[in-house]
Amino acid sequence: MSLNPTPIDRESAAGAVLLTGIPGSGKSTVAKALAGRLRMSAHIEVDALQQMIVSGGHWPSPAENAEADRQIFLRARNACLLADSFARAGFVPVLDDVVVRRAHLDFYRATLAAVPLHVIILAPGPAVARQRNQAREKVLTTDWSPLDTAMRSELGQWGTWIDNAAQTVEETVGAILSVTGLASIPEVDPPLHGGRVEL
C-alpha cells in the first residue's frame, strides 16, 4: 500500500437520485437495489445520518416540533455533502429520505446542484404503505399514511411518480433506470427472489 496521496476526484457521476415516498413506500429497499444495479454508486440512507446524533436528536413526528424540523434540514444538508463527495469521485449517489414538503425538496435541489438530480417519488398509496409498515420486523407505531395527501399536494408537479403497489423491487428499479437514463450493470442471472417491496 502506497502512502502517497492519491487523487480522489475524477469525472463526476452522471447524476444523483433522490428517492422519496411515505414510510412503507419502499424507499430503502428500492434505493439499495437501484444502487446495486448502477456501475458505480453509493446508497445514502438519510435516516442513518439522523441516527448519528447521539444526544439531542429529534426525529420527525406528526406534532409540531421546531427542533425536529431544524434537524430534518440538518440531515438533508449532511446527505447532500456526502452525495456531492461521492458524485465528484464518480459514484452515483442514491439518497432515500421522506420528503413531503416543497421547501424540503427545494433545499435538496439547491444544495445538491453539482450533478443532475433525479427526483423519484414512490407512491403505492396509503393503504399499501400501512400494510407494509405493519409487516415490518420493527412495526412503526405512528400512522404516517396521512403524509400521502400532503406529499401529493406539495410535490404533485415535481419529480417522477411511480406507483409501485403491485411491482417487484426489480420492476421498480427498471422503471427508475428507464426514466433517469443512468447506466446500469446488465443482469446476467435472474434475481434469486421476485419479492415485493416490503419496506
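Visitor: How much of the accessible surface of the chain belongs to carbon and sulfur atoms?
Guide: This is a predicted model, in which local features need pLDDT of at least 70 and side-chain atom pairs count only at pLDDT 80 or more, whereas totals for chains, interfaces and linings use all residues. Residues are numbered from 1 along each chain as its sequence is written, and side-chain values use heavy atoms, with hydrogens and water left out. Accessible areas come from the Shrake-Rupley method with a 1.4 Å probe, and for residues only the protein chains shown count as cover. The accessible surface of the chain comes to about 11100 Å², and the share belonging to carbon and sulfur atoms is 54%.

Visitor: Over which residues is the pLDDT below 50?
Guide: The pLDDT, which is the predictor's confidence in each residue from 0 to 100, averages 89 for the chain, and 89% of the residues score at least 70. One stretch has a pLDDT below 50, although beyond near neighbours in sequence it has 28 contacts in the model, a contact meaning heavy atoms within 4.5 Å. Where pLDDT is low, the predicted coordinates should not be read in detail. The stretch in question is residues 188-199.

Visitor: In what order do the elements of the chain run from the N terminus on?
Guide: Helices (H or I, at least four residues) and strands (E, at least two) are taken as DSSP runs and numbered from the N terminus. On that basis the chain holds seven helices and five strands. Their order from the N terminus is β-α-β-α-α-β-α-β-α-α-β-α.

Visitor: Which strands stand at the edges, each with a single partner strand?
Guide: Two strands pair if DSSP finds at least two bridges between them, and here five strands form an open sheet with parallel pairing in the order β2-β3-β1-β4-β5. The strands at the edges have a single partner each, so one side of each is left without a neighbour in the sheet, and these strands are β2 (41-45) and β5 (160-162).

Visitor: Are the residues of β3 buried or exposed?
Guide: Buried means under 20% relative accessible area, exposed over 50% and partly exposed in between, with a 1.4 Å probe and protein chains only. Strand β3 pairs in the parallel sense with β2 over five bridges and with β1 over three. One side of β3 carries Val 92, Val 94 and Asp 96 and the other Pro 93 and Leu 95, and both faces are covered. The strand is largely enclosed by the rest of the structure, because five of its five residues are buried.

Visitor: Which helix packs on the sheet, touching β1, β2, β3 and β4?
Guide: Strand β4 (residues 117-122) is joined to the parallel β5 by three bridges, and Leu 122 stands opposite Ile 162 in β5. The helix that packs on the sheet, touching β1 (16-20), β2, β3 (92-96) and β4, has a direction about 165° from that of β2, where axes are lines fitted to C-alpha atoms, for helices over the stretch in contact, and angles run from 0 to 180 degrees between N-to-C directions. This helix is α1 (residues 27-37).

Visitor: Which helix contributes the largest share of the core, five residues?
Guide: A nonpolar core is a set of buried Ala, Val, Leu, Ile, Met, Phe, Trp, Tyr and Cys residues joined through side-chain atoms within 4.5 Å. The largest one has 42 residues, of which Leu 34, Leu 95 and Tyr 108 touch the most other members. The largest share of this core comes from helix α3 (residues 66-88).

Visitor: What is the relative accessibility of Leu 34?
Guide: Leu 34 lies in helix α1 and, leaving aside residues up to four places away in sequence, touches Val 17, Val 94, Val 173, Ile 176 and Leu 177. Its C-alpha atom is 8.8 Å from that of Ser 184, 150 residues away in sequence. Leu 34 counts as buried because its relative accessibility is 0%.

Visitor: How far apart are the C-alpha atoms of Leu 177 and Leu 38?
Guide: Leu 177 has its place in helix α7 (residues 169-180) and is buried, with a relative accessible area of 9%. Beyond four places in sequence, its contacts include Leu 34, Arg 37 and Leu 38. Leu 177 and Leu 38 lie 139 residues apart along the chain, yet their C-alpha atoms are separated by 8.9 Å.
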